[in-house]
Amino acid sequence: MTAQAELQSAIPDELIDEFLKRIPYLSEGIGNVRLLPGASRVAFDLQPGFEGQAEVVASRISDVAGKLCLNYRPGSTRTLARQDMLAGTLRDDPHPLLLERGEIVQFGRGRYGFGPKLVRLMEYFDVEVRQMATQFQAEPHTFPSLVGADVLDACRYLKNFPSSLNLVSHLREDHAVLQEFARGVRWDGQQLAYDRNAGSGVECLLSPSVCFHWYRWLRDARLEKPRAITALGKCFRYESSNLTGLERLWDFTMREIVFVGSSDYVLQNRNMLVEFSARFLDELGLAYQISTATDPFFVDSYAVQAAYQQGFELKFELLAPLPYSGRNLAVGSINYHQDFFGRSFGIQYDGAPAHTGCIGFGYERLALAFLAQHGVDEANWPAAVARAIPDGGGLA
Amino acid sequence: MTTSPERTTEQRIENAIVRALKIPAGDSSTPLRMGSTPGWDSMGHMMVVMELEKEFDTRFPPYVLPELLDVPSIAKVLRQPA
């Protein structure tokens, strides 16, 4: 069935994407959401079995709109660097060709496998970003894909981003439970069918980011000098029906460079990161912009947190346009956390809570933006990239 | 005795900060300043901002939020022409 929600006021243009991304989380039965002309009404479909929820879902949609707009401050995005779309940029969506040529395989929602050519392209990106890291004397580290629930609790991630969490559970250490599970477990076509009481409590989650591990590593440390590190990791963020091709994966590969020290140290490095990132994207021959942005905080506190983040310009996003859709894709971000993590983890620098900052590049998204703008034929790639990739690297 | 308008503005700012951060009445032991007053962190700052906006019936543009650090700086921003 189709239903409609009336909003108290029209959603401002700048908030439309943010608003629509949140609707899939309002009900398991919702789909095909459309913001109607005028931006003050939303049409949506409810799957069979959820028809009775129409009123509740409409009210939740209105509530989300109200909370997003509550503290909205218009005109607050600032662009720090920009390269406009290059002439001759391709308009084809690379997904069909990549699938056809066996360079990617979709295993499920937001889950893809990558073939050798794409892997080589992402390895090339990583060589370049690691080189960027050496300019900050960033020491290499590795971290697990699992992160302690205590760590995400300490930095309020559980409360700020509940919809994207991936809780990790195992079966309880109980022989009878294990026997019963082994006897009864089956794939029902959509999910694993088993007795939920067999599951353990949640000690760990799949890590949504790389840098949290480093702040936990430094817990209660008294740093005598600022520290820079770099690490590559798999990150996991559940995005419901927003999971779309390589644009929005459930798990993705991110390299971060992380800074801990004084405010001046972190901000100075942040300025250099903007410059280095622009140079890196220029070398890839990409159109892009580096602009202030906000995180997708949970709707109940979004307005307040986003306004703070905007006001203090704590987040810059590296956005690359996708010519086939006309939309911008965030391929990386540069973040300044002030002393938030220093306070959360008791990290001291120069007698005060340490300031922190980081840059993260999402390699699958960067690869998508690269292929969307240059095409899959290596003849159209920047010479430096095509040359640097073994075996040609082109997909033609 | 009369109260100057400036004094009144500063008192109103102080009262708004005290309300926003739920500082116990009569507690004048800590200076009212972001980063020094207990609770005036990033979240607290936005509580202060929203309380000030309500008190003075205004809306601060994002770029002035980092300037609202204490009573004098807030008063200065409020006195600037819109």
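**Briefing: a hairpin, a sheet and two residues of chain A**

Strands β5(A) and β6(A) form a hairpin with 2 residues between them. In the turn, A:Gly110 has a positive phi of about 70°. The model is predicted. Chain A also holds an open sheet of 8 strands. The points below cover the hairpin, a loop residue that reaches its turn, the sheet, and a helix residue.

**The hairpin**
- Strand β5 of chain A spans residues 104-108, and strand β6 of chain A spans residues 111-114.
- The two strands run antiparallel and are joined by 4 bridges.
- A:Gly108 has A:Arg111 in β6(A) as its bridge partner.

**A:Leu243, a loop residue**
- A:Leu243 sits in the loop between β14 and β15 of chain A.
- Its C-alpha atom is separated by 5.3 Å from that of A:Gly110, although the two residues are 133 apart along the chain.
- A:Gly110 is the turn residue with the positive phi.
- Leaving aside neighbours within four places in sequence, A:Leu243 is in contact with A:Arg109 and A:Gly110.
- On the same terms, A:Leu243 also contacts A:Arg248, A:Leu249 and A:Trp250.
- Is A:Leu243 buried, exposed or partly exposed? A:Leu243 is partly exposed, because 17 other C-beta atoms lie within 10 Å, and a buried residue needs 20 or more.

**The open sheet**
- The strand order is β4-β16-β17-β18-β21-β15-β14-β7 in chain A, with mixed pairing.
- The edge strands are β4 (79-83) and β7 (139-141) of chain A, and each pairs on one side only.
- Neighbouring strands of this sheet are turned by 25° against each other on average, direction ignored.
- Edge strand β7(A) pairs with β14 (residues 227-236) of chain A in the parallel sense, over 3 bridges.
- A:His141 has A:Ala231 in β14(A) as its bridge partner.
- In a regular strand, side chains alternate between the two faces of the sheet.

**A:Ala306, a helix residue**
- A:Ala306 lies in helix α10 of chain A, which covers residues 299-311.
- Why does A:Ala306 count as buried? A:Ala306 has 25 C-beta neighbours inside 10 Å, and the buried class starts at 20.
- Not counting residues up to four places away in sequence, A:Ala306 touches A:Thr294 and A:Phe297.
- A:Ala306 and A:Leu68 are 238 residues apart in sequence. In space they are 9.4 Å apart, C-alpha to C-alpha.

Technical notes:
Residues are numbered from 1 along each chain as its sequence is written. Chains are lettered from A and ligands numbered from 1 in the order in which they are written. This is a predicted model: local features need pLDDT of at least 70, side-chain atom pairs count only at pLDDT 80 or more; totals for chains, interfaces and linings use all residues. Two strands pair if DSSP finds at least two bridges between them. Axes are lines fitted to C-alpha atoms, for helices over the stretch in contact, and angles run from 0 to 180 degrees between N-to-C directions. A residue is buried if 20 or more other C-beta atoms lie within 10 Å of its own, exposed if 12 or fewer, and partly exposed in between; C-beta atoms are placed from the backbone. Two residues are in contact if their C-beta atoms, placed from the backbone, lie within 7 Å.
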